[in-house]
Structure formats: structure tokens, C-alpha cells
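User: Please take a close look at one part of this model, the surroundings of a buried loop histidine, and set that part in the context of the whole chain.

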Amino acid sequence: MASHYEAPIRKPLVIGDKGYHDVTVDISAPIEGRANKQWWIVFTIALIAFLWGVGCIIYTVSTGIGTWGLNKTVGWAWDITNFVWWVGIGHAGTLISAVLLLFRQKWRMAINRSAEAMTIFSVVQAGLFPIIHMGRPWLAYWVLPIPNQFGSLWVNFNSPLLWDVFAISTYLSVSLVFWWTGLLPDFAMIRDRAVKPFQKKIYSLLSFGWTGRAKDWQRFEEVSLVLAGLATPLVLSVHTIVSFDFATSVIPGWHTTIFPPYFVAGAIFSGFAMVNTLLIIMRKVCSLEDYITVQHIELMNIVIMLTGSIVGCAYITELFMAWYSGVEYEQYAFLNRATGPYWWAYLLMMSCNVFSPQFMWSKKLRTSIMFSFFISIVVNVGMWFERFVIIVTSLHRDYLPSSWTMFSPTFVDIGIFIGTIGFFFVLFLLYARTFPVIAQAEVKSILKASGSRFKNLRDSGKPMYEMPKTTIYNNTTTSVVAQEQVVQVETKGDAKVSDLLSSLGKFDVNTDTPDDLKKVKGIGPQMEQTLNQIGIYSFAQVSKMTQKEYDLLDSITESFPGRAQRDDWAGQAKNLNNKN
């Protein structure tokens, strides 16, 4: 056995006895087929939430920011809380894809595409809040350093709020290019499988002329590595700059140097939890349980557990620094968080962010899909309350007791927040119906090392290219991978060969002379041998191929799916047969 394959003790990352053609069919199914009932249920709920949010935004813009629960003391509340929360969620997507790519982790293959898309859609939600908070969003261009009707009005480059604009827009740009670059092979796959001319044209444009040549793959890998190298420091810098919105002030509870690493750890923590939420939903809605496995969920849970512990350490460090500083204002700020009017929010923050991830030390719990889904929701609830506690409890009681006040959100505050959650899921569900949610080319690259079929062949001492022999026992199709072991599988290879030959016609090798199939462009010696094993020997047989026969051939050979149709084997064989 080759040493570069995974150790036998490691569980396969692709289960279900999948071959290369199966990967193509399964991943393209949500795009080519009709949406199932689960998709429509989730989409309807998300759309209703989104429309509610749109109504609240229209009401806010038309009436004014006074519709929110803000007051003179608490000038930042739900809007900035939501902004920081969404930016944090957007962090883990590119981080998962970029860092795991740099470290060559194979388990990223099934989850990186959903994580990258999550980054894009989360940053879109985050960007809405500063614009709405302006009160007059049609004058948003005033924050840009461009000439305007006031002559010499320039932005304050010393403001962390302006740094946010540059950092987040840069991060969004790099993440968008990184995401789109990874999609190119998948767009080409959908293009080659497309039946409708309009659909084929659209995906041809999206794929940027991808042909799958060695040069294409070389450039693809080089660009991916460069973008991953750029995105990784951006992940650290963006939320560091977001933390400067607070840390550069002189408000007790904000003016602290621990905020940058504390915010970055919290962002990764909440982002991984949201990725877990999406993976669990998408594996069910798109029937991808064989690719997004329990092992993927378990590994995500381990990261959530570790980052949750880091966030817990940050909380303890904050309390220690407030005590050790001897500054009574700092000490009172943290005492007020734990025992003041918002004690319930502080308790929720500590319970959700510090204690709930510790359940993941139990293997039974971290491999439970329902419990993982529950914890991922709990973590994001806790991270929202963390931002709420930092912002509201630090503002509602400042240096002057005469200005102390309470903040209470209105239905508009709540509606806009729920609307952004709905908008996020609307975008993600539409994306899942348009783009492949799993990188099929990357999954295929690890199939021989981490696929359950090939692991079984390797464990039994069989060569990788050998097709399992099929034996019938009481009308049940089984596959023999070793003399001592008979493993039941759902494969109907013999039936597919019979269907194919019934359409193409059978060839009698004893009376007829086989043609040289290598004259057909795209058929080499190995493919000719494979076709002969199936029972295809003549140009006349190949010339009868239609879409149905091409698909059958792909499912039988499981090599170069779509190649026969792209090279028009039937047309070539018809011309060669006429010449004979």
C-alpha cells in the first residue's frame, strides 16, 4: 500500500461507496433538480423574516432614527451590536478555507465553499447597519474622501470608524475573489452538464473559459495559495480594527488593550458556530450527508470548544485587569455588568459562550447532529449578547450619575435584526440552488485517499482502479472486496451495462472485426480497453450514443465525466463508420 494515503484508522471523509461520477451527480443535483420540501420550508421562513426587515428599514428611513430605542446616553445599541456580530460571523468563513488550505487539511474540502459564501453574505448584512445608522443613507457618499458640494469636506482619517470602511471593504474584495476562484471548476462542471442553451451560456461566462487543462489547474492552485496568504492576515486585522471602535475611547470597560485579540477570538468562535449551523442545515436540505459527515461536524465542534475556552480566558483577563488597575471607574463598569440592571444579559453571555462549549469534551455529544445544531445556535446567541453587554452596559451608566438611563429596543430594532437574518438565509438558499455548495473537484482529489470505497479496496489489498465484482444473493446485489468479506452495496453495474448495450447493440467478437476506437478523439488505449470490457467494439455502436447513453457510460466507467459528450464521440464515430 502507498504510504501517502491516509492511515486506515482514520474515518473516510466521503462515505456511501462513492465514485467520481457519483460525486458529480450528487453535488449538481440541487442545481439541476427541483427544490425539495425542506428547502421550500426554510426559504419561506427566511423570506418572511426578510420582508419584515425591509418594512422596518423603510419605516426607519422615512420616519427617522427616533423610531429606534436610542437616547442621549445610549447612542449605540442594537445597530452597532448587530454590525459587530455580523462582521464576526463573516470571519470564520475565509479563515476556515484559507488556513486549512495553507495547512493542507483534507477535511476542508466539503465545507470550504459554504464557509466562503457565508463570509460574503455576512459582510453584506454588516454593511447595512452603518448605512442605516446614518439616518440619511442617500448622503452616504459624504464619508468618502471626494469633492462635494461643501467644497473642502474631508473624512477624519484618524477615526477607527473610517478604518472599518477600508478594512472591511478590502476583506470583502479578497474574500469575494477567493470564493469565485474556487468556483471556476464547478461552474465548468455545471456548464458541461447543462442541457438548456441559455443555462450553458450563463455558466460558460461564469467559468471564465475553464477547460481543465494542466495549465488551468496550475494557475488555479497558485492563485488560491496567494489569496489564502492574503486573506489570513486580513482575518486578524479586520476584527482588530473593529475593536478599535471601542478601545480608542476613554469609556470604562472599553479602553483596554485586550480588545483586539479578544474580538478576534470571539469572531472566530461565532463564525465557526454559524458555519456549523449552515452545514447541518445544508446537509439535510441538499441531501449531502455522504459529503458533510459527522466527522466534519465533530472537527468543527472541537474548534468551537477551543475558541470558546479562549474567549473564557479573555473574560477572566478583563476582570483581572479591572481589579488590578485600581481604577474605580473600571471596577464599577464590570461590577455593573454582573450585578446591575443588565445582569441577565451578562449571565446569558457567560453561560452560552464559556460553559456551553465545554459539553463538546464528550465525544458522544460532539458527534450528535441535533446537539451540535443546538449548541451552534446557543453560541451565536451568546456572542450577540456579548456585544450587547460591551456596548449598552458601558454606555448606560457613564461618569455622570445624572445621565444614567436604560435602553429598551423597539419593534423596529428587533425587526431590522430579524430581517438581516432572513436576508442572510435567503441569499444562502438561493446560492445553494445556483452554485455547487461543495467543491466537487476538490472532493474528487481526496476520494482515493479518503473515500469509503477506495479505503475498502485498499484494506483488502485490491488495486485502486479495480471495479468491485458483483454477486447476486437472493435478488440482493453485493460487492466482494475480499474473499473473507462480502459487503452489501447499492450498485447496479450489470444492469447499467445491459441498458447501455440494449441501446447500442451487441457485438459478436467471434464473427465480427472490431474497429480501432482509438481513432475517435478522446479515446485512448486505456479507455478503448474499458469500452471493450463493457462490450463496445465498433464505430457503429459508438455512433448511436445520445445523452442517455453518455450518462450511462459515465456512471459505469466513472472517469472523465462528460468527456464523451464534449468530444462528440457519436459524431466522430458516425463519420469514421461512413468512411469504412
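Analyst: The accessible surface of the chain amounts to about 27,500 Å², and carbon and sulfur atoms account for 64% of this area. The model is a predicted one. Of the 580 residues in the chain, 50% are buried. The chain has 23 helices and three strands. Among contacts between residues at least 6 apart in sequence, 77% join residues at least 24 apart.

The histidine in question is His396, located in the loop between helix H13 (369-395) and helix H14 (411-434). His396 counts as buried because its relative accessibility is 0%. Two polar contacts of its side chain can be described. One joins it to the side chain of Asn336 at 3.2 Å. In the other, a polar atom of the His396 side chain lies 3.0 Å from the backbone oxygen of Thr405. With neighbours within four places in sequence left aside, the residues in contact with His396 are Thr73, Val74, Asn336, Pro341, Tyr342, Ser403, Trp404, Thr405 and Met406.

Tyr342 also appears among the contacts of Phe388. Not counting residues up to four places away in sequence, Phe388 touches Trp78, Thr81, Tyr342, Ala345, Thr393 and Phe407. Within the largest nonpolar core, which has 126 residues, Phe388 and Phe259 touch the most other members. The element that gives the most to this core is helix H8 (residues 259-285), with 17 residues. A second, separate core has 23 residues, including Leu504, Leu517, Val520 and Leu552. In soluble globular proteins, nonpolar side chains tend to be buried together.

Leu552 is also one of the buried residues of H21. Helix H21 (residues 547-557) is mostly covered, with eight of its eleven residues buried. Charged residues are among them, including Glu549 and Asp554.

The loop between helix H7 (214-247) and H8 contains Thr256. Thr256 is buried, its relative accessible area being 15%. A polar atom of the Thr256 side chain lies 3.4 Å from the backbone nitrogen of Ile258. Beyond its neighbours within four places in sequence, Thr256 is in contact with Ala247 and Met321.

At the surface, Val250, Val327, Tyr329, Tyr399 and Leu400 make a nonpolar patch of about 510 Å². Tyr329 belongs to helix H10 (residues 328-339). Tyr329 counts as partly exposed, since its relative accessibility is 45%.

Charged pairs complete the picture. The structure holds eight salt bridges. In one of them, the side chains of Arg113 and Asp186 meet at 2.7 Å, N to O. Arg113 lies in helix H4 (residues 112-133) and Asp186 in helix H5 (residues 160-193), so this pair ties together parts 73 residues apart in sequence. Arg113 counts as buried at 1% relative accessibility, and Asp186 counts as buried at 1%.

Asp192 forms a salt bridge with Arg191, in which the closest N and O atoms are 3.0 Å apart. Both Asp192 and Arg191 are buried. In the salt bridge between Glu528 and Lys518, the closest N and O atoms are 3.0 Å apart. Glu528 is in helix H19 (residues 525-534), while Lys518 is in the loop between helix H18 (493-504) and H19, ten residues apart. Glu528 counts as buried at 13% relative accessibility, whereas Lys518 is partly exposed with a relative accessible area of 39%. Finally, a network of salt bridges links Glu298, Lys363 and Arg366.

Terms used: Residues numbered from 1 in each chain as written. Predicted model: local features only at pLDDT ≥ 70, side-chain atom pairs only at ≥ 80, totals over all residues. Heavy atoms only, no water. Patch = residues over 30% accessible without salt bridge, like charges linked within 9 Å, V, L, I, M, F, W, Y side chains within 5 Å. Areas by Shrake-Rupley, 256 points an atom, 1.4 Å probe, with all protein chains shown as cover. Salt bridge = Lys/Arg side-chain N within 4 Å of Asp/Glu carboxyl O. Helix = DSSP H or I, 4+ residues; strand = E, 2+ residues; numbered from the N terminus. Buried < 20%, exposed > 50% of the residue type's maximum accessible area, 1.4 Å probe, protein only. Polar contact = N/O pair within 3.5 Å; in protein donor to acceptor, adjacent residues only side chain to side chain. Contact = heavy atoms within 4.5 Å. Core = buried A, V, L, I, M, F, W, Y, C linked by side-chain atoms within 4.5 Å.
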